[in-house]
Amino acid sequence: FLPVPLGKETVPLTNWSACLGSTPKLIAASTDSSNDLVQKKVKSNDEKKTDVDDDSEKEFERLRNISKKIYSLRKTDRFNEILNLCNEYLEISPDSETIIHSKIEILDIFERYEEILPLYDQLIKLTPRSKYYQLKCKAEILIKMKQCAKAIRLCDESLELKYREWSIET
């Protein structure tokens, strides 16, 4: 005799046929009681997910809008306005790779190289897998600053990273 709870009642199971005959009731009873818990958890997770999705959607929309503005201002060579937009956006979202790249481009046009170097360091932290590329770009800036010895060291480091990545992948 094995008592099996079925909702409010207990069914004794004495043989396999009784067990097999009670299985659908058992499943139905356990499903009904756990269904409410699952639905509550799903609803709670959906609410949390919706909040995150809403924030992500808003952030994506802001980034899209500012990218459009930067693109239109770029056509008319309004670089100061682009730089201001980049700075404003980065105050709110300092880890936006897209805007950091835009800011680097504008600072390069203004030949404000000293301000570019920390931005490449920031990109290296944000995207460690592209460190070799960021180091190469940083070396190009150092060359423009006539700091060739530092640039060569960065190029060597960049090539070493790229070689290691390539040899690991193949």
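Here a biologist and a modeller talk through the charged side chains of this predicted model.

Biologist: How many salt bridges does the structure hold?

Modeller: There are 9 of them.

Biologist: Let's take Glu 105 and Arg 74. What makes that pair a salt bridge?

Modeller: The N to O distance between their side chains is 2.9 Å. The cut-off is within 4 Å, for a nitrogen of Lys or Arg and a carboxyl oxygen of Asp or Glu, so the pair qualifies. It also links distant parts of the chain: Glu 105 sits in helix 3 (residues 97-109) and Arg 74 in helix 1 (residues 16-75), 31 residues apart.

Biologist: Why is Glu 105 called partly exposed?

Modeller: Its relative accessible area is 37%. Buried would be under 20% and exposed over 50%, so a value in between is called partly exposed. Arg 74 gets that label too, with 31%.

Biologist: Next, Asp 108 and Lys 144. How do you know that they form a salt bridge?

Modeller: Their side chains meet at 2.8 Å, N to O, and the rule asks for within 4 Å, so we count the contact.

Biologist: Which parts does that pair tie together?

Modeller: Helix 3, where Asp 108 lies, and helix 5 (residues 131-144), where you'll find Lys 144; the two parts are 36 residues apart in sequence.

Biologist: And are those two residues buried or exposed?

Modeller: Neither label fits. Asp 108 comes out at 24% and Lys 144 at 39%; partly exposed runs between the 20% and 50% cut-offs, so that's what we call them.

Biologist: What about Glu 157 and Lys 131: why is that called a salt bridge?

Modeller: The closest N and O atoms are 3.7 Å apart. The limit is 4 Å, so the pair is in. Glu 157 belongs to helix 6 (residues 148-169) and Lys 131 to helix 5, so this contact ties together parts 26 residues apart in sequence. Glu 157, at 34%, is partly exposed, and so is Lys 131, at 28%.

Biologist: Which residues gather in the patch of negative charge on the surface?

Modeller: Asp 53, Asp 54, Asp 55 and Glu 57.

Biologist: What makes that patch negative?

Modeller: Asp and Glu both count as negative, so a patch made of them gets that sign.

Biologist: Where is Glu 57, and why is it called exposed?

Modeller: Glu 57 is in helix 1. Its relative accessible area is 56%, and exposed means over 50%, so the label holds.

Terms used:
Residues numbered from 1 in each chain as written. Predicted model: local features only at pLDDT ≥ 70, side-chain atom pairs only at ≥ 80, totals over all residues. Heavy atoms only, no water. Helix = DSSP H or I, 4+ residues; strand = E, 2+ residues; numbered from the N terminus. Buried < 20%, exposed > 50% of the residue type's maximum accessible area, 1.4 Å probe, protein only. Patch = residues over 30% accessible without salt bridge, like charges linked within 9 Å, V, L, I, M, F, W, Y side chains within 5 Å. Areas by Shrake-Rupley, 256 points an atom, 1.4 Å probe, with all protein chains shown as cover. Charge placed at Lys NZ, Arg CZ, Asp CG, Glu CD.
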